[in-house]
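Me: I am new to this structure and would like a close look at a single part of it. Please take one pair of neighbouring strands and work outwards from there.

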Amino acid sequence: MTERPRRQEQERAGSEVTEVAPGVLRCQLPIDMPGLGHTNCYVLEDERGAAIIDPGLPGKATLTVLRQRLAAAGIPLRRVHTVVITHSHPDHFGGAGWVRRESGAEIVTHRRFSLLWDRFDPPDVDVEDLEQQQQLDDRATANGGSQRPARRRRPWDPPPWGGSGYPFSLRRRMQMRASRHFPRFFRTPTPTIRLDDADTMSLGRREWIAVHTPGHTDDHLCLFDPTERVMLSGDHVLPTITPHIGGFVRSPDPLDQFFDSLDKVAALGADVSVVLPAHGHPFEDLAGRAKAIQVHHLGRLDLLRRTTAELGRPARVQELSGHLFSARAQGHMADSETFAHLEHLRLAGELERLERDDGYEYVAR
Ligand SMILES: [Zn+2]
Ligand SMILES: [Zn+2]
């Protein structure tokens with residue numbers, strides 16, 4: 001069997017620090033996650049010191065490498081005044097608290113930034129949602145409470161499509177361990193500045209525009225510099241792989257959100273000359289790459305349409321996942337992404353969802 005060529009996102013972290021756009025340095029921090037070999041940490045220098053984007057995983061090892069990379073660029077770690085986090089995944093936010101402890105840096109995120117194990121919703125987020133939910137709960141209770149009040153889905157709840165229970169036990173364990181150990185290990189970053197879409201922020205001697213791009217996560221943030229025509233794209237648009245779109249999230253249709261967010265950055269494509277992703281090398285054609293990622297997901301939607309039509313009977317998420325993903329890729333992540341696609345088709349009126357005791361089944365309408 002021939003081995004698949006290594007994708008650029010999988011390359012091991014190189015030690016070189018290179019200028020990838022005017023005044024933007026790229027450092028690579030080592031990570032070892034499925035399909036990923038490094039996280040790009042971008043550095044923007046100014047008269048006060050430096051801002052860094054996505055400081056990699058938590059822990060001393062990353063901090064040591066980050067310190068070396070910055071030193072190679074002539075920047076002591078204590079001069080880092082701002083850490084921007086593109087989204088709430090550990091290979092992006094993990095180092096933030098560690099850097100803040102050393103330098104007192106501000107931590108900048110999108111307003112919706114929240115972690116799986118946050119015990120509270122982030123401030124200023126979804127207050128209306130919360131109030132609405134509370135009213136619904138109250139009403140359900142007042143109506144005799146025969147039905148259990150509708151409850152907000154928490155990240156550690158079992159997946160709605162049923163299955164092994166693996167995510168439930170894992171997430172529950174994570175939640176418990178998080179409350180005891182993670183704050184110290186992760187130095188869980190508490191954002192000091194939360195950006196809304198279209199807010200501007202001065203970094204590296206110029207203005208950057210916040211571009212909220214939910215889909216991969218609800219809190220995903222890209223930064224666009226119209227002066228030098230640079231887009232920091234995080235995991236939203238990667239050069240050769242497609243980011244995971246999980247169905248087990250707050251939004252009822254994360255795939256739809258992702259499509260909208262791809263349209264949003266593609267519309268800026270003509271104003272962007274270089275895209276700086278969180279994994280892999282810089283690239284130029286933002287609109288083309290965003291389109292290619294959409295085409296990939298549209299292909300999966302078509303495959304699900306065909307498969308459910310051919311089966312002609314209700315099928316579980318896990319079974320349908322077998323038609324979308326290779327045997328090697330099967331598991332919770334594949335099921336979750338399949339679920340996101342199925343829900344997209346259901347909400348478009350193309351599939352019907354049957355709620356069985358042990359999870360959901362889908363059938364063509
Ligand atoms: Zn991510
Ligand atoms: Zn990532």
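Reply: Strand β3, residues 36-46, pairs with strand β4, residues 49-53, in the antiparallel sense, and five bridges join them. One of the contacts across this pair involves Glu45, whose bridge partner in β4 is Ala50. Both strands belong to a predicted model.

The pair sits inside an open sheet of seven strands, ordered β1-β2-β3-β4-β5-β6-β7, with mixed pairing. The edges are held by β1 (18-21) and β7 (193-195); each has a single partner strand, so one side of each lacks a neighbour in the sheet. From one strand to the next, the twist averages 30°. Helix α1, made of residues 60-72, packs on this sheet and touches β2 (24-33), β3, β4 and β5 (80-84). The direction of α1 makes about 160° with that of β2. The β3 and β4 pair is therefore among the strands that this helix touches, given that contact means heavy atoms within 4.5 Å.

The sheet is one part of a chain whose secondary structure comes to ten helices and 15 strands. Of its 365 residues, 49% are buried. Among contacts between residues at least 6 apart in sequence, 64% join residues at least 24 apart. The accessible surface of the chain comes to about 17,600 Å², and carbon and sulfur atoms account for 50% of that.

Charged side chains also link separate parts of the chain, and the structure holds 15 salt bridges. One of them joins Asp218 to Arg112, with the closest N and O atoms 2.8 Å apart. Asp218 lies in the loop between β9 (206-212) and β10 (221-225), while Arg112 lies in the loop between β6 (106-110) and α4 (127-142), so this pair ties together parts 106 residues apart in sequence. Asp218 is partly exposed at 24% relative accessibility, and Arg112 is partly exposed at 26%.

A salt bridge also starts beside the edge strand β7. Lys264 pairs with Asp197, and their closest N and O atoms are 3.0 Å apart. Lys264 belongs to helix α7 (residues 254-267) and Asp197 to the loop between β7 and β8 (200-203), so the bridge ties together parts 67 residues apart in sequence. Lys264 has 30% relative accessibility and counts as partly exposed; Asp197 is partly exposed as well, with a relative accessible area of 36%.

Further along the chain, the side chains of Arg353 and Glu355 meet in a salt bridge, 2.8 Å from N to O. Arg353 counts as partly exposed at 21% relative accessibility, whereas Glu355 is exposed, with a relative accessible area of 55%. Salt bridges with shared partners join Glu343, Arg346, Arg353 and Glu355 into one network.

Helix α10 covers residues 332-347, a run of 16 residues. From its first C-alpha to its last, α10 reaches 22 Å, close to the 22 Å expected at 1.5 Å a residue. Most of α10 is covered, with 13 of its 16 residues buried. After α10 comes Gly349, whose phi is positive, near 85°.

Notes:
Residues are numbered from 1 along each chain as its sequence is written. Chains are lettered from A and ligands numbered from 1 in the order in which they are written. This is a predicted model: local features need pLDDT of at least 70, side-chain atom pairs count only at pLDDT 80 or more; totals for chains, interfaces and linings use all residues. Side-chain values use heavy atoms; hydrogens and water are left out. Helices (H or I, at least four residues) and strands (E, at least two) are DSSP runs, numbered from the N terminus. Buried means under 20% relative accessible area, exposed over 50%, partly exposed in between (1.4 Å probe, protein chains only). Accessible areas come from the Shrake-Rupley method with a 1.4 Å probe; for residues, only the protein chains shown count as cover. Two strands pair if DSSP finds at least two bridges between them. Axes are lines fitted to C-alpha atoms, for helices over the stretch in contact, and angles run from 0 to 180 degrees between N-to-C directions. A salt bridge is a side-chain nitrogen of Lys or Arg within 4 Å of a carboxyl oxygen of Asp or Glu. The expected span of a helix is 1.5 Å times one less than its number of residues.
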